[in-house]
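The exercises below are to be worked with the sequence and the model side by side. Each task is followed by a solution that goes step by step.

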Amino acid sequence: MCFLSFLGCLWLNNAKPIPSCPWIWSFTFFNIMIEYQLLNTTDFVTTLEKEAIINFLMTNLDDYLDSRENVSRAIEYALSKFPHQGGFVIIASIETEIVGVSVVNRTNFEGYFAENILAFLATAEKERRKGIATELLNRSKLYAKGNILVRLTAGKTTHDIFGRAGFLPDAQEFLFKR
């Protein structure tokens, strides 16, 4: 059993790693098996798998919806094998259906900026308020090396989940748009 799977087992008392793939964890919530799969630069992810992730995010990002091109670029960056790119994608699924996704990009700005940025976090509307997003955040914190920055739109109600997950408000941000 790999180290991260072991931590996943400690994390949730009912979590169990999938023996065939050490990067997949599962746990039962209301008698429904939710599996969490980690994808990173060492994994071969097919175009169809990437499209499924993109389609899920495009459907479930709600107020944080971005262009399809930007969602695709964040996923490509997270899974890139280039030395100054990278990150990871965590997928929550029930059976074969994706019910949650976290996309974290590595920034390579150690020391004066967060080492990682949470590019996207979404759960399926019918699976919300079941702890999936919180679990995706917790697994993202576990796997990320260094700090994680989250950019939020002011006034949105989704801010509470980040505070509960241990994220602290750090600075106000101003953006110059062209």
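A residue is called buried under 20% relative accessible area, exposed over 50%, and partly exposed in between, with a 1.4 Å probe and protein chains only. By that criterion, 39% of the 178 residues of the protein count as buried. The model is a predicted one, in which local features need pLDDT of at least 70 and side-chain atom pairs count only at pLDDT 80 or more, while totals for chains, interfaces and linings use all residues. Residues are numbered from 1 along each chain as its sequence is written, and side-chain values use heavy atoms, with hydrogens and water left out.

**Exercise 1.** Determine in which order the helices and strands of the protein follow one another from the N terminus.

Solution. Begin with the assignment: helices (H or I, at least four residues) and strands (E, at least two) are DSSP runs, numbered from the N terminus. This gives 5 helices and 7 strands. Read from the N terminus on, the order is α-β-β-β-α-α-β-β-β-α-β-α.

**Exercise 2.** Describe the surroundings of strand β5, starting from its pairing with strand β4.

Solution. Two strands are taken to pair if DSSP finds at least two bridges between them. Strand β4 (residues 87–94) meets this with 8 bridges to β5, in the antiparallel sense, and within this pairing I94 has E97 as its bridge partner. The two strands form a hairpin with 2 residues between them, and E95 in the turn has a positive phi of about 55°. Next, consider strand β6 (residues 116–123), which runs antiparallel to β5 and is joined to it by 7 bridges; here V103 is bridged to F120. Finally, check burial: 8 of the 10 residues of β5 (residues 97–106) are buried, so this strand is largely enclosed by the rest of the structure.

**Exercise 3.** Find the aromatic pairs and state how the rings of each are arranged.

Solution. Rings of Phe, Tyr and Trp (its six-membered ring) pair if their centres lie within 6.5 Å, and planes under 30 degrees apart count as stacked, over 60 as edge-to-face and the rest as tilted. This rule yields 2 aromatic pairs. In one, F88 and Y143 are edge-to-face, at 4.7 Å centre to centre and with 90° between the planes. Because F88 lies in strand β4 and Y143 in helix α4 (residues 132–143), the pair ties together parts that are 55 residues apart in sequence. F88 is buried, with a relative accessible area of 2%. The rings of F109 and F113 have centres 5.8 Å apart and planes at 85°, so this pair is edge-to-face. F109 is partly exposed, with a relative accessible area of 36%, and F113 is partly exposed at 38%.
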